Amino acid sequence: MYKAIISLVAGTLIFGTGFAARADDIPRDPALFTPDGHYTEKNLFLNILPREREGRQFPLRVSEDVVLSDISAGPGSVITNVFRLSKKVSGDHTPYGVLKNICQNKALRSSMVDKLDSYRFIYYEEERYLFSVDVTTEHCKSNGW
């Protein structure tokens, strides 16, 4: 089930630039990137979030038992994904499991986690709150991922 969610998130939130350039080669507009290379809240609202929402209607069914209710940005350099799980699969999801799977996905980590202050995941079992996880570069490094 984690792979289905990560595939959706990775497929949804990774976008091509159309050319092969290193991140250091791209000029950084101070209104769009912080000095440490993270997206600013302005950048998330103007560029990143519209691309993620383009052509999608929320709630978005990821699988039979998982629904992505919303993707939002802010405050600051934070993207939040809200998932609703069925009772059937809610027990399969843990904060540690989410953290591990996101951190170990190299493409997702380099394209999103390392460019945000926090990549937040909030999980509900239908309407009941289960947990939230803030995935950061520091969390991934401290766990050896």
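Y124 is partly exposed, with a relative accessible area of 22%. That places Y124 in the middle class, because buried means under 20% and exposed means over 50%. The model in which Y124 sits is a predicted one. Y129 is also classed as partly exposed, at a relative accessibility of 45%.

These two tyrosines form an aromatic pair. Their ring centres are 5.8 Å apart, and the angle between the ring planes is 75 degrees. The pair counts as edge-to-face because its planes are over 60 degrees apart. Y124 has a further neighbour in R84: the charged end of R84 sits over the ring of Y124, at 4.3 Å from the ring centre.

How many aromatic pairs does the structure hold? The count is 7. One of the pairs joins F33 and Y39, with ring centres 5.6 Å apart. The planes of F33 and Y39 meet at 40 degrees, so this pair is tilted. F33 and Y39 are both buried, whereas Y124 is partly exposed and Y129 is partly exposed too. Aromatic residues also gather in a cluster, made up of F83, Y119, F121, Y123 and F131.

The next feature is a covalent link between sulfur atoms. A search of the whole structure turns up 1 disulfide. The disulfide connects C103 with C140, and its S to S distance is 1.9 Å. Where do C103 and C140 lie? C103 belongs to helix α4, which covers residues 95-104, and C140 belongs to helix α6, which covers residues 137-142. The disulfide therefore ties together parts that are 37 residues apart in sequence. The angle about the S-S bond is -75 degrees, and the link is left-handed. Both C103 and C140 are buried.

Now for the chain as a whole. The protein has 6 helices and 5 strands. Read from the N terminus, the order of these elements is α-α-β-β-β-α-α-α-β-β-α. The protein has 145 residues, and 43% of them count as buried; F33 and Y39 are buried, as are C103 and C140.

Contacts within the protein can also be sorted by separation along the sequence. Of the contacts between residues at least 6 apart in sequence, 59% join residues at least 24 apart. Finally, the protein exposes about 7900 Å² of surface, and carbon and sulfur atoms supply 53% of that area.

Note on methods:
Residues are numbered from 1 along each chain as its sequence is written. This is a predicted model: local features need pLDDT of at least 70, side-chain atom pairs count only at pLDDT 80 or more; totals for chains, interfaces and linings use all residues. Side-chain values use heavy atoms; hydrogens and water are left out. Rings of Phe, Tyr and Trp (its six-membered ring) pair if their centres lie within 6.5 Å; planes under 30 degrees apart count as stacked, over 60 as edge-to-face and the rest as tilted. Buried means under 20% relative accessible area, exposed over 50%, partly exposed in between (1.4 Å probe, protein chains only). A charge sits over a ring if NZ of Lys or CZ of Arg is within 6 Å of the ring centre and within 35 degrees of the ring normal. A disulfide is a pair of cysteine sulfur atoms within 2.5 Å. Helices (H or I, at least four residues) and strands (E, at least two) are DSSP runs, numbered from the N terminus. Contact means heavy atoms within 4.5 Å. Accessible areas come from the Shrake-Rupley method with a 1.4 Å probe; for residues, only the protein chains shown count as cover.
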